[in-house]
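Q: Please take a close look at one helix of this model and explain how it sits in the chain.

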Amino acid sequence: MYYTQQEHHVGFWRRYLFSTDHKTIGLQYMITGLFMALLGGYLAYVFRMQLAYPNESVPGYGPVGPDAYNALVTMHGTIMIFWVAMPILVSGFGNYLVPLMLGADDMAFPRLNMCSYWTFLVSTLVLLASFFVPGGAMSGGWTAYPPLSARMDYTGVEWGGTLWILAVALEFASAFMGGINILATTLNMRTKGMTLYRMPIFVWMQNAANLIFMFSVGPLVAGALMLLADRTLGTGFFMPQQGGDPLLWQHLFWFFGHPEVYVLLLPSLGMVAEVITNFARKPIFGYRMIIYSVMASGILSFIVWAHHQFVSGINPRLAVGFSITTILISVPFAIIVFSFLATLWRGSIQFKTPMLFALGMLAEFLIGGVTGIHLGTTATDIYLHDTYFVVAHFHYTMFPVTFFGLFTGIYYWYPKMFGRMMSEKLGWLHFAVTFVAFNVIFIPLFRYGLAGHQRRIYDPSLFENLVPFQHLHVIATIGTIALLLGQIPFILNFFGSMKWGKKAERNPWNANTLEWQTPSPPGHGNFDVIPTVYRWPYEYSAPDREEDWCPQSLAPATAKGVKHV
Amino acid sequence: MSEAQAATMDRYEVPSVVTGRMGMWWFLASEIVIFGGALVCYLLSRWHHPDWAESAAHTNEVIGLINTVVLLTSSLTMVLAHDAIHHAQPKRALRLMGVTVLLGVCFLGLKALEYTHEIQEGYTPLKNLFWSYYYFLTGLHALHIVAGLVAIVTVMRGLAKGKNSQRVEYVGIYWHFVDVVWIFLFPLLYLAPKI
């Protein structure tokens, strides 16, 4: 696939498997993540079928028992967050795009980069292995609350839970290494002229995400070791009868777990920013304001975590404080979203597939954000806590962030990655089905969540008050099946376009950022001409130019003509 | 400065911190949060359990004190090794790093001796929550010492072949960090009020 002379002596294994090239590693992350997404989707299909048609044999799985149900839900959550969203949004796109956007030849630490992918792959294998050990996979919820998760006999899951902790720890280690790499690359490997305030928004977002990750995950790493000791040795860090404190785990988990939402959201928003400004053919509105908002939200994200614990028995005065910070954090995100809307305003909008997904991401995420206010407010949360309202809210945030975000990125950068264009028609079909089916699943969940339907119920037909909502379960399950079938056009498009897609030139979208100055796909070492940067990345539709774009590396005609941000 | 380094200097915007050193500092930043989280858990629990003082009375502060001196001295020899590199004396640096490794091994030996005594007297990780925390924190720290020793020996092997002398500084920063962690652990576990 790559033809440059530097790689002639590199064999197949070094080029495609044990590669230190940031682009290959980025694609490895993405492909692994997409494979895990199929698995996560399959798990969702199985437990949704159980909810819609309780105790009937699920086609393609068989009968679901209560224990298996718990394991299915737990593993669905774990896989989608840690093995789909993290590797694709942060590690995958971060690896592929950050060096290219900065005009660098590779990451700052290429071998560390390879190590981080292989650590991730080992974590994936450990997690997959946990399905097949005696006792089955982890079933204590993706949040692994003790005491349930701290003793093997409480859930009946033996090695599954231990392997789960190990896999998550390895995944964290991998993300640590990747994060160090992205930060060092951004600080030390910007090409000449690429000042910090000329970096694309996506690079800013990636760095913010990795910083947030590195500073929030530490206590949970310590906590995971303690939980491991509780599980395997029988210590009592989180066991009340031994003097331990189960609430401590909740604090450690959410001190990481809530910032993690922003770790995933920011790279996704970054890709949306690049796509929106390109397909509106307008400079992004409020470049610096967006960056400052990212910084503010990054800081605020460390002081909102206890809003997950309003009914866990925390001090009510503390709860009020966390309510306030939670509502406050919507301000910087509102600024970002309004900046995006202002970018669209009076632009010449082109509805190409990446743009559809970018707009879809904003629209759906908005619903997720607004319903978050209900859950962040103590009074309403006490009623809504642990109902399907939470599940719906969560998916209205994380689904657009993860899937609309990654599809935005894949449709937009696919020509760069594989040198071919994707089919627009299949892209439209994929978007239409995904968008509609997603809402068909989760609007019913809001409805019966508001009616008080609790989460984590294996068989809703056992509860008289839930029986009237059974038809909504069926609708949501039909939506799930439609959503999964709706991915077929994407899979066809993804693999088919590699062979039959129209050949892509260097810059098929007429974009400004540096990655579009490289050949499609870029060879090892990326740039055939080392770029120097003269301007910011969003100079679209400048009145003094014939073309409506202006690459960052284009030297100004006259010294006077240079526009600074 | 090698030719490759000069080319890199010309290729990119001038960095304010050398890339290797920056990587180490980011790594330590994340390590600080791990140990910070573990220590905060311990401190909060200790606050709620004044009775832990009774268990803490059985820690051996004499060995703890000796180990503190051993570890601080090993940090001193590490700094001197870095200084030797600065003055282009790789042989002296190798000798000093050798002393650091010996002192590190000495620390681990004393720690093992301490664990043995405690376990023989019945103070196992399962005795009560204080001892769970004690073994967890000191064990995590000991693992970092082991990792540090492996890193130092790796750097020494490179240095013996005349390669990568800049890594002496990076591994030194890490070693000082492991030392500083002990400076927190020693008073909080051994010296905090006892009955």
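A: The answer below turns to a single helix, α10 of chain A.

This is a predicted model, in which local features need pLDDT of at least 70, side-chain atom pairs count only at pLDDT 80 or more, and totals for chains, interfaces and linings use all residues. Residues are numbered from 1 along each chain as its sequence is written, while chains are lettered from A and ligands numbered from 1 in the order in which they are written.

Chain A has 17 helices and 0 strands; helices (H or I, at least four residues) and strands (E, at least two) are DSSP runs, numbered from the N terminus. Helix α10 covers residues 316-328 of chain A. Its 13 residues reach 18 Å from the first C-alpha to the last, close to the 18 Å expected at 1.5 Å a residue, where the expected span is 1.5 Å times one less than the number of residues.

Ala319(A), Phe322(A), Ser323(A) and Thr326(A) are the buried residues of α10(A). A residue is buried if 20 or more other C-beta atoms lie within 10 Å of its own, exposed if 12 or fewer, and partly exposed in between, with C-beta atoms placed from the backbone. Seen down the axis of α10(A), the buried residues fall within an arc of 110 degrees (taken from the directions from the helix axis to the C-beta atoms), so they line one face of the helix. The face turned away from this buried side carries the exposed residues Arg317(A) and Val320(A).

The cover over the buried residues of α10(A) includes α12 (353-376) and α13 (378-384) of chain A; here, contact means C-beta atoms, placed from the backbone, within 7 Å.

Technical notes:
Contact = placed C-beta atoms within 7 Å.
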